[in-house]
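Visitor: Before we begin, I would like to ask how the labels attached to a model like this one are justified. Could you take me through the reasoning behind them?

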Amino acid sequence: MANEAHFLSTSLPFLSFNKAVLPEFRQSKGLSFLVNSRISRSKQTRASMEMRGSGGPMTSDHSAVKIPHVLTVAGSDSGAGAGIQADLKACAARGVYCSTVITAVTAQNTVGVQGVNIVPEDFVAEQMKSVLSDMDVDVVKTGMLPSIGIVKILHQQLQVYPVRALVVDPVMVSTSGDVLAGPSILAVFREELLPMADIVTPNLKEASALLDGVKINTVSDMHSAAKLLHDMGPRNVLVKGGHLPDSLDAVDVFFDGEHLYELRSSRIKTRNTHGTGCTLASCIAAELAKGSSMLKAVKASKFFVETALDYSKDISIGKGPQGPFDHLMNLKHNSGRQVRFNPSDLFLYAVTDSRMNRKWGHSISDAVKDAVQGGATIVQLREKDIETGDFLEAAKSCLQICRANGIPLLINDRIDVALASDADGVHIGQSDMPAHVARSLLGPEKIIGVSCKTPEQAEQAWLGGADYIGSGGVYPTNTKENNRTIGLDGLKTVCLASKLPVVAIGGINISNAHAVMEIGVPNLKGVAVVSALFDRECVLTETRKLHAVLTEATAAAAAAAK
Ligand SMILES: Nc1ncnc2c1ncn2[C@@H]1O[C@H](COP(=O)(O)OP(=O)(O)O)[C@@H](O)[C@H]1O
Ligand SMILES: Cc1ncc(COP(=O)(O)O)c(N)n1
Ligand SMILES: [Mg+2]
């Protein structure tokens, strides 16, 4: 175990192998050698893939593009909310290729399951062989495995064609309460499937069935269940609490054999929860295929389900009690949106501060007018100690100035003030409202920016429908208390991971702006400044000076790129 833990933490962010596949390698260095040899083809590009964030293609040494690949072995849902169809959509949403082995065809809709037709075992085997013998599958995810023979085939095929990780969603009962795999399956699940799994993700009923009917009614019962299930052999266990009675949060319990984690998200009030379990498991598989560690994969997936449910809470498909939700909301939100935001607007981003304006005797609107005349390309009103009514008035008068000059005006944090003044959007921090909630309040056309210090935060901002991210503090700053400095290196890491344009922030002024723009990452579009413009007597002059520095830095970067 010690050998394996060391190996996992030092050389492989992925989950490695399943236990039953190659038991003889477990105790020896053979395991790490074998896995490493498979991984080494793409080792050089792993770091850059992670830097580029999820969905980044993995380039081999021979410049072929390797796309992370999940194979789902599951049942078809004719209503397309769960099963194979949910898996395909979840993987597509996470930027991962998904191949499919169909184990059963169900006649299913939002009312329930009307019929199940199990695919003959030898044909399940043939599908598996077709995919695994030809394609470079990273992770296998299982859903509905309706017969003992099918579980045995899976076991055999994974010995012939080992993969990096196996995600097992032990589907037995659908959200509608219909049985998809009967109690006769339990023995083979316990004896063959669970010991192979890198993670198993039962819902409450499934966890209870696997544990001989033990009652699971509370979060504390979920803790005990996770530990008991872990004893059956899977490397990690996620007991899902979607069906936990009287729970305000959606609580899942994760156990990695050492630590227990309660993963909480808000419980979205919606009927559209059909397929949440399939989606969660596929999303975990997709994140693992991209190179994520297990806990990170689980957290990102839970966030994805919560976000998708929130976006889809009011959609209406079918007449039954459990509707499907929309996995590709991000695509829709981004593609269906009128693009009001131009990333080059981030070039010289002026952020106001009422304390500084008071100190120099400037009104907010005078300060904004000077910044705009000096060359600011976007303005954010950041007024932390102002009455709501005064903030609204200031927003309205600044909006007139900005509109007259064709530049966007954003409001820091206060979505209500942005809506009431009809400003162009908001900028929110990590402790403010999540981006996806802001997006649903503001609609598709307003601009949303999010402060991000890490690649994970950048990914969540993108997923939540933000337009840009602000990243810093690049340098130490007095404007924000207890603000961690991430430096130029931290900024570069976030830029490389971000799918959204980035503006750098924190302690930037005319003497260091050049160095910031010199990091030379294409999606770094500009710098945001507070004191360098507003803690000065003449805002106009300072803005002009900074504009000149940025123009020169950009010209130098363009020349260097030639
Ligand atoms: N209303 C909800 N709001 C937010 N998350 C939910 C909601 N319902 C389920 N989830 C989450 O969806 C995932 C699937 O859980 P669950 O519904 O328990 O599984 P299953 O779909 O297999 O029955 C879990 O992460 C759970 O916390
Ligand atoms: C073919 C098929 N597979 C799995 C499920 C489970 O659905 P859920 O994700 O709601 O647990 C389902 N209803 N149908
Ligand atoms: Mg399920």
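Guide: Let us begin with confidence: pLDDT is the predictor's confidence in each residue, on a scale from 0 to 100. This is a predicted model, and the protein averages a pLDDT of 86, with 86% of the residues scoring at least 70. Over residues 1-61, however, the pLDDT is below 50, although this stretch has 86 contacts in the model beyond near neighbours in sequence. For the complex, the predictor gives an ipTM of 0.95 and a pTM of 0.66.

Visitor: What is the make-up of the protein in helices and strands, and how many of its residues count as buried?

Guide: The protein contains 23 helices and 19 strands, and of its 562 residues 49% count as buried. Among the contacts with a separation of 6 or more, 67% are between residues 24 or more positions apart.

Visitor: Why is Val 368 called buried or exposed?

Guide: The cut-off for a buried residue is 20 or more other C-beta atoms within 10 Å. Val 368 has 28 such atoms within 10 Å and is therefore buried. The residue sits in helix H15, residues 364-374, and, leaving aside neighbours within four places in sequence, Val 368 is in contact with Thr 352, Val 379, Cys 398 and Ile 401. For one of these, Val 379, the C-alpha atom is separated from that of Val 368 by 7.5 Å, with the two residues 11 apart along the chain.

Visitor: And why is Arg 484 called buried or exposed?

Guide: Here the cut-off is 12 or fewer other C-beta atoms, and Arg 484 has 12 within 10 Å, so Arg 484 is exposed. Arg 484 lies in the loop between strand E17 (468-472) and helix H20 (487-497), and its C-alpha atom is separated by 9.7 Å from that of Gly 506, 22 residues apart along the chain.

Visitor: How do you know that strands E13 and E14 pair, and what do they belong to?

Guide: Pairing requires at least two bridges between two strands. Three bridges join E13 (residues 378-381) to E14 (residues 409-412), and these strands run parallel; thus E13 and E14 count as a pair. One position can be named: Gln 380 has Leu 410 of E14 as its bridge partner. Both strands belong to a closed barrel of eight strands with parallel pairing, which runs E12-E13-E14-E15-E16-E17-E18-E19, and the twist from one strand to the next averages 25°.

Visitor: What makes up the shell around ligand 1?

Guide: A residue is near a molecule when its C-beta atom lies within 6 Å of it. For ligand 1, 19 residues surround the molecule, and the closest are Asn 203, Lys 240, Gly 242, Ala 250 and Gly 277. Strand E10 (249-255), helix H11 and helix H12 (294-311) each supply at least two residues, and the largest share, four residues, comes from H12. By class, this shell has five nonpolar, nine polar and five charged residues.

Visitor: Which residues come nearest to ligand 2, and how does its shell divide by class?

Guide: Of the 18 residues around ligand 2, those that come nearest are Gly 75, Ala 82, Gly 83, Ser 174 and Gly 277. At least two residues each are supplied by strand E3 (69-77), strand E4 (97-108) and helix H11 (276-290). The shell around ligand 2 divides into six nonpolar residues, 11 polar and one charged; glycine counts as polar in this scheme.

How values were computed
Residues numbered from 1 in each chain as written. Chains lettered and ligands numbered in written order. Predicted model: local features only at pLDDT ≥ 70, side-chain atom pairs only at ≥ 80, totals over all residues. Axes fitted to C-alpha atoms, helices over the stretch in contact; angles between N-to-C directions. Contact = placed C-beta atoms within 7 Å.
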